[in-house]
Amino acid sequence: MPEPIRCTGSIDPRELRLSHAMVFAIEEINNSKELLPGIKLGYQMYDSCASVPVAVHAAFQLSNGVDPVFHTGENCSQSGVVMAIIGESGSTQSISMSRILGSFNIPQVSHFATCACLSDKKQYPSFFRTIPSDQFQADALAKLVKHFGWTWIGAIRSDSDYGNNGMASFLEAAQKEGICVEYSESFYRTHPRSKIQRVADVIRRSTAMVIVAFAASGDLSILLEELSLEPSPPRQWIGSESWVTNPDMLRFSFCAGAIGFGIQQSVIPGLRDFLLDLSPSEVTASPVLTEFWEDSFNCRLEKSAATDASLCDGNEDIQTLQSPYTDTSQLRITNMVYKAVYAIAHAIHNAVCQETNSTTQCDKFSRSRQVLAQLKKVNFSQNGYDVSFDANGDPVAKYELVNWQKTKSGSIELVTVGLYNASLPVGQEFRINKNLTWMEGGKEVPVSVCSDSCPPGTRKVLQKGKPICCYDCVPCPEGEISNATDSPDCFPCPKEFWPNAEKDTCFPKPVEFLSFDEVLGIILAAFSVGGACLAIITAAVFFCHRSSPIVRANNSELSFLLLFSLTLCFLCSLTFIGAPSEWSCMLRHTAFGITFVLCISCVLGKTIVVLMAFKATLPGSNVMQWFGPPQQRMTVGSFTFIQVLICIIWLFVSPPFPMKNLTTYKEKIILECALGSDIGFWAVLGYIGLLAVFCLVLAALARKLPDNFNEAKLITFSMLIFCAVWITFIPAYVSSPGKFTVAVEIFAILASSFGLTFCIFAPKCFIILFQPEKNTKKHLMNKNQTKGI
């Protein structure tokens with residue numbers, strides 16, 4: 001048979017203090033007159049040496065009532081009957097013990113086992129704890145990391161139930177907070193050094209500046225020893241309560257600035273005096289205390305087997321001893337032991353005691369099943385600390401945020417800088433009330449991100465094959481913005497808005513139309529008014545010389561009507577300038593169509609008169625009696641009436657209307673007049689073109705008629721210019737963007753109007769004003785006479 005497992009190594013002074021805190025609490029209860037009056041609690045202690053087999057062996061011994069490894073206290077009246085068990089410190093050992101104790105309905109209350117898995121009452125029905133579950137701590141750690149903007153971290157853990165389950169809970173909470181993990185490594189104190197070295201190398205090569213360590217202090221100390229052998233870049237350590245509040249860990253100065261959550265500090269009156277009250281007889285009677293005494297003072301007692309140290313001379317004073325056993329400055333886990341003892345005492349009290357007539361009577365006979373049932377209901381306050389358990393056997397989660405800060409002397413001390421209370425409403429659980437210090441050599445909050453934040457105006461694009469925290473910042477596409485840092489998407493601006501240059505704000509698009517305030521509008525308006533003035537001046541010249549042969553020979557009535565229509569043509573171009581309105585849109589196209597038909601009708605009338613006049617000179621011809629002034633007026637009126645009718649139908653069916661053109665330019669709005677009915681517009685334009693072509697043909701036929709001043713030639717040139725302008729207008733109008741569409745239309749109106757004015761009236765005005773000698777009937781008929789016509 002293999003020999004039983006034995007503990008090796010030195011006594012852990014911290015664990016010894018925890019065991020004596022249990023004894024202190026039991027003695028307080030035994031001396032109490034209110035809690036369990038007339039009943040004294042006994043206890044048995046076992047040292048599992050953080051070993052699962054030893055812990056399981058102790059659990060079986062306690063369940064079976066076998067004599068303990070060492071016994072302290074008076075003999076119990078019910079020897080071997082165990083009401084409850086306090087422990088274990090480790091989660092893995094507690095899991096193993098709870099599977100055994102749960103079968104016997106023996107309640108187990110742990111002071112330091114934090115694995116979230118132990119909250120499963122189906123697997124561990126008799127397990128309770130006075131320390132919060134790691135699920136709460138994991139959530140708190142994730143919120144802490146997020147609070148400081150760290151999204152790129154490294155994670156290390158003990159390869160145990162505590163580390164693996166705690167880190168799994170943290171990683172799940174971190175993922176919800178948008179935190180990415182560069183690496184996640186596990187190790188254990190019994191692993192070969194090569195494994196520890198590999199984890200240390202991963203930390204040294206990593207780019208994450210923040211490390212979250214969910215590890216037992218005994219495991220982490222081995223890794224930190226390895227890291228201290230070879231200096232590495234500074235790292236910000238985030239710790240779980242298992243190690244971040246352990247005074248023994250403060251010797252690793254390169255971890256200065258570490259922060260983490262710890263159990264709240266507490267005060268237990270009288271505990272320090274109890275811990276220091278160790279008599280020589282008590283020490284020598286206990287193998288554990290003997291070993292502690294010899295290790296602390298580096299001497300050996302008489303009954304000890306140790307031979308490598310001098311004999312203790314009796315001058316050893318525990319009052320002066322600097323040890324975790326005597327350090328009661330920051331009682332955290334010790335208070336968890338204290339509360340566990342009182343929780344069990346209250347459960348036993350409620351199970352065996354009854355109040356009658358202001359007195360309390362207690363029955364010494366009870367079973368662990370009854371204690372288990374009452375333990376679920378306990379709710380009391382001891383030394384100002386509330387004790388209760390939820391349905392999972394967990395207490396209310398309250399933590400202190402602690403920070404490793406360097407003193408002026410260079411030593412590291414624990415400073416409480418904040419609190420976390422899981423019972424508070426969401427968003428109010430966590431607060432920081434003091435300034436923190438950061439990693440060694442750092443004065444500001446360290447930055448630990450895989451990629452820098454994307455500024456407004458850009459969006460995040462994930463890097464292929466990397467976590468979501470690693471991304472590139474891509475500028476927003478045209479017409480879209482992002483107004484927040486680290487925006488995952490860009491969104492388009494509303495239709496009438498456009499991004500600024502930084503693409504982080506939408507501004508109203510500038511509105512564009514051909515305005516009287518801009519240079520192009522001023523120039524076109526000036527030519528329009530100038531053309532109208534020119535037509536009026538020409539009419540004035542003709543009126544002043546209306547009795548002269550050259551005016552009378554060219555049908556003065558149609559000439560005046562033509563000049564009037566040309567004046568209207570020049571002026572109608574002004575309706576195309578300025579912001580479009582409902583009335584201006586209808587007016588500009590109809591006025592343009594009607595005035596130009598009136599103009600072409602007059603030219604056409606003059607052309608017909610020329611042709612008819614020539615035929616009238618032939619012998620026996622009386623054609624002029626059929627084309628006198630009344631007929632000329634009727635012809636002009638008829639042609640114009642048709643255009644008026646087309647415009648009326650257009651306005652009635654689908655008139656032009658103002659609109660905002662958002663498609664031609666993405667970055668600005670074009671105010672323009674929509675045609676309403678394209679057919680109506682092209683019908684108006686086509687009718688003008690039809691009359692112009694008809695007039696051109698007739699003028700071309702009459703251009704060689706004998707006369708010294710043949711007006712048909714002038715009409716031919718004017719109509720050639722008119723047709724050329726409007727033929728080139730069509731492709732230019734269709735292809736011109738924005739306000740230039742209107743400018744092209746105005747240019748066509750002005751060009752054709754000036755062409756008619758100059759070609760038809762300029763030669764006549766020149767003769768009237770500068771060559772009056774030619775303004776005679778004889779000169780006009782001279783050419784006919786020389787040719788014998």
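Ala50 is partly exposed, at 39% relative accessibility. Its place is in the loop between β1 (43-45) and α2, and its phi is near 55°, a positive value in a residue other than glycine. The model described here is predicted. The points below cover the backbone, a covered helix, two buried residues, salt bridges and surface patches.

**Backbone geometry**

- Most residues other than glycine have a negative phi, and most peptide bonds are trans.
- Ala50 departs from the first of these habits, with a positive phi near 55°.
- Asn105 also has a positive phi, near 55°, and is a residue other than glycine.
- The loop between α3 and β4 holds Asn105, and this residue counts as partly exposed because its relative accessibility is 21%, where the buried class ends at 20%.
- Gly87 and Glu88 are joined by a cis peptide bond, with omega at about -5°.
- Glu88 is found in the loop between β3 and α3.

**Helix α3 and its surroundings**

- Helix α3 covers residues 91-101, and 10 of its 11 residues are buried, so the helix is mostly covered.
- Among the buried residues of α3 are Ser91, Thr92, Gln93, Ser94 and Ile95.
- Further along α3, the buried residues include Ser96, Met97, Ser98, Ile100 and Leu101.
- What do the buried residues of α3 pack against? Their partners are α2 (52-64), β3 (85-86), β4, β5 and α5 (161-176).

**Two buried residues**

- Thr114 lies in the loop between β4 (108-110) and β5 (127-129).
- Although Thr114 sits in a loop, Thr114 is buried, with a relative accessible area of 1%.
- Leaving out residues up to four places away in sequence, Thr114 touches Ser91, Arg129, Ile131, Pro132, Ser133, Asp134, Tyr162 and Glu241.
- One of these contacts, Ser91, is also one of the buried residues of α3.
- Ala692 has its place in helix α19 (residues 678-702), and Ala692 is buried, with a relative accessible area of 1%.
- Again leaving out residues up to four places away in sequence, Ala692 touches Ile600, Met719, Phe722 and Cys723.
- Ala692 and Ile600 are 92 residues apart in sequence, yet their C-alpha atoms are 6.4 Å apart in space.

**Salt bridges**

- How many salt bridges does a search of the whole structure find? The search finds 10 salt bridges, and three of them are described here, including the pair Arg198 and Glu185.
- Arg198 and Glu185 form a salt bridge, with the closest N and O atoms 2.6 Å apart.
- This pair links distant parts of the chain, with Arg198 in helix α6 (residues 193-205) and Glu185 in strand β7 (residues 180-187), 13 residues apart.
- Arg198 is partly exposed, at 37% relative accessibility, whereas Glu185 is buried, with a relative accessible area of 13%.
- Glu478 and Lys666 form a salt bridge whose closest N and O atoms are 3.6 Å apart.
- Glu478 is in the loop between β19 (471-475) and β20 (480-481) and Lys666 is in the loop between β25 (657-661) and β26 (669-674), so this bridge ties together parts that are 188 residues apart in sequence.
- Glu478 is exposed, with a relative accessible area of 54%, and Lys666 is partly exposed, with 49%.
- Lys668 and Glu512 form a salt bridge with the closest N and O atoms 2.8 Å apart.
- Because Lys668 lies in the loop between β25 and β26 and Glu512 lies in strand β24 (residues 511-512), the pair ties together parts that are 156 residues apart in sequence.
- Lys668 and Glu512 are both buried.

**Surface patches**

- Asp12, Glu15, Asp47 and Asp248 form a negative surface patch.
- Asp248, a member of the negative patch, has its place in the loop between α8 (241-244) and β10 (259-263).
- Asp248 is partly exposed, with a relative accessible area of 32%.
- Which residues make the nonpolar surface patch of about 590 Å²? They are Phe641, Leu645, Ile649, Phe652 and Val653.
- Phe652 has its place in helix α18 (residues 629-653), and Phe652 counts as exposed, at 74% relative accessibility.
- An α-helix has 3.6 residues a turn, so residues three or four places apart point the same way.

Terms used. Residues numbered from 1 in each chain as written. Predicted model: local features only at pLDDT ≥ 70, side-chain atom pairs only at ≥ 80, totals over all residues. Heavy atoms only, no water. Patch = residues over 30% accessible without salt bridge, like charges linked within 9 Å, V, L, I, M, F, W, Y side chains within 5 Å. Areas by Shrake-Rupley, 256 points an atom, 1.4 Å probe, with all protein chains shown as cover. Salt bridge = Lys/Arg side-chain N within 4 Å of Asp/Glu carboxyl O. Lys, Arg positive; Asp, Glu negative; His and termini not counted. Charge placed at Lys NZ, Arg CZ, Asp CG, Glu CD. Helix = DSSP H or I, 4+ residues; strand = E, 2+ residues; numbered from the N terminus. Buried < 20%, exposed > 50% of the residue type's maximum accessible area, 1.4 Å probe, protein only. Contact = heavy atoms within 4.5 Å.
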